[in-house]
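Look at the sequence and the structure below. Try to trace the chain from its start to its end before reading on.

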Amino acid sequence: QFTGKYTRVSSENYDEFLKALNVGFLLRKAATASTPVMEISESDGNWTMKTSTSMKSIELKFKLGVPFQEETTDGRKCETTVTMEGNKFITDQKATKKGEKDVKAVREFFDDKLVMTMTCDGVTSTQVYKRE
């Protein structure tokens with residue numbers, strides 16, 4: 001129920017969320033204007049989450065519950081852990097550099113879509129991706 005290809009169809013409060021993360025103006029404009037496609041696959045408990053835009057693609061490889069090092073698209077270095085609760089993937093990004101921000105992302109899966117809620121410093125953005 002988690003694997004598949006998803007395309008973003010809407011986002012709310014994304015610019016405010018990116019501001020809370022201290023993302024600069026140009027990167028925010030590019031991020032809010034793009035139409036990301038997210039592909040999720042799994043083999044033997046090894047998960048891959050690939051998010052692509054016309055400008056860039058980023059690929060996360062992980063096992064559920066096992067922390068890994070991640071450099072985020074906005075340049076933060078994090079120790080990230082992905083866990084599963086029911087129909088949700090919960091991603092906790094803990095910044096490893098002093099002064100950088102933590103982010104929690106919840107991806108909730110439905111038959112026809114994925115709803116992603118990201119929170120940083122009390123600012124939340126919700127994005128809806130439709131299942132291809």
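The paragraphs that follow deal with the sheet, then the aromatic rings, then the largest pocket.

The model is predicted. Begin with the strands. Ten of them, or 10 strands, form an open sheet, and their pairing is antiparallel. Read across the sheet, the order is S4-S3-S2-S1-S10-S9-S8-S7-S6-S5. At the edges are S4 and strand S5 (68-71), each of which pairs on one side only. From one strand to the next, the twist averages 25°.

One pairing in this sheet can be followed in detail. Strand S2 (residues 37-43) runs antiparallel to S3, and 7 bridges join the two. On S3, Thr48 is the residue that stands opposite Ser41.

Now turn to the aromatic side chains. A pair of aromatic rings is described by two values, the distance of the centres and the angle of the planes. How many aromatic pairs does a search of the whole structure find? The search finds 9. One of them is formed by Phe2 and Phe109, with 4.7 Å from centre to centre and 85° between the planes, an edge-to-face arrangement. This pair links distant parts of the chain: Phe2 belongs to the segment before strand S1 (4-12), Phe109 belongs to strand S8, and they are 107 residues apart.

Are Phe2 and Phe109 buried or exposed? Phe2 has a relative accessibility of 8%, so Phe2 counts as buried, the cut-off being under 20%. Phe109 has a relative accessible area of 2% and is therefore buried as well.

Phe109 also pairs with Phe89: the ring centres are 5.5 Å apart and the planes stand at 85°, so this pair is edge-to-face. Phe89 lies in strand S7 and Phe109 in strand S8, 20 residues apart along the chain. Both Phe89 and Phe109 are buried. These rings are part of one aromatic cluster, formed by Phe2, Tyr6, Trp47, Phe62, Phe68, Phe89 and Phe109.

The last feature is the empty space. Rolling a probe the size of a water molecule over the atoms shows where such space is left. The largest pocket has a volume of about 800 Å³. Its lining has 35 residues, and Tyr14, Thr51, Ile58, Thr73 and Asp74 lie nearest the centre. By type, the lining divides into 19 nonpolar, 10 polar and 6 charged residues. Both helices and strands contribute: among the elements that each supply at least two lining residues are helix H1 (14-20), helix H2 (25-33), strand S3 (46-52) and strand S4 (57-62). Strands S7 (88-95) and S8 (103-109), already met through Phe89 and Phe109, are also among these elements.

Terms used
Residues are numbered from 1 along each chain as its sequence is written. This is a predicted model: local features need pLDDT of at least 70, side-chain atom pairs count only at pLDDT 80 or more; totals for chains, interfaces and linings use all residues. Side-chain values use heavy atoms; hydrogens and water are left out. On a 1 Å grid over the protein atoms alone, a cavity is a set of points where a 1.4 Å probe fits but cannot get out, and a pocket is an open set with protein on both sides within 12 Å along at least five of seven lines; lining residues have an atom within 4 Å of a point. Grid points are joined across faces, edges and corners, and a volume is the space filled by probe spheres set on the points. Helices (H or I, at least four residues) and strands (E, at least two) are DSSP runs, numbered from the N terminus. Ala, Val, Leu, Ile, Met, Phe, Trp, Tyr, Cys and Pro count as nonpolar, Asp, Glu, Lys and Arg as charged, and the others, Gly among them, as polar. Two strands pair if DSSP finds at least two bridges between them. Axes are lines fitted to C-alpha atoms, for helices over the stretch in contact, and angles run from 0 to 180 degrees between N-to-C directions. Rings of Phe, Tyr and Trp (its six-membered ring) pair if their centres lie within 6.5 Å; planes under 30 degrees apart count as stacked, over 60 as edge-to-face and the rest as tilted. Buried means under 20% relative accessible area, exposed over 50%, partly exposed in between (1.4 Å probe, protein chains only).
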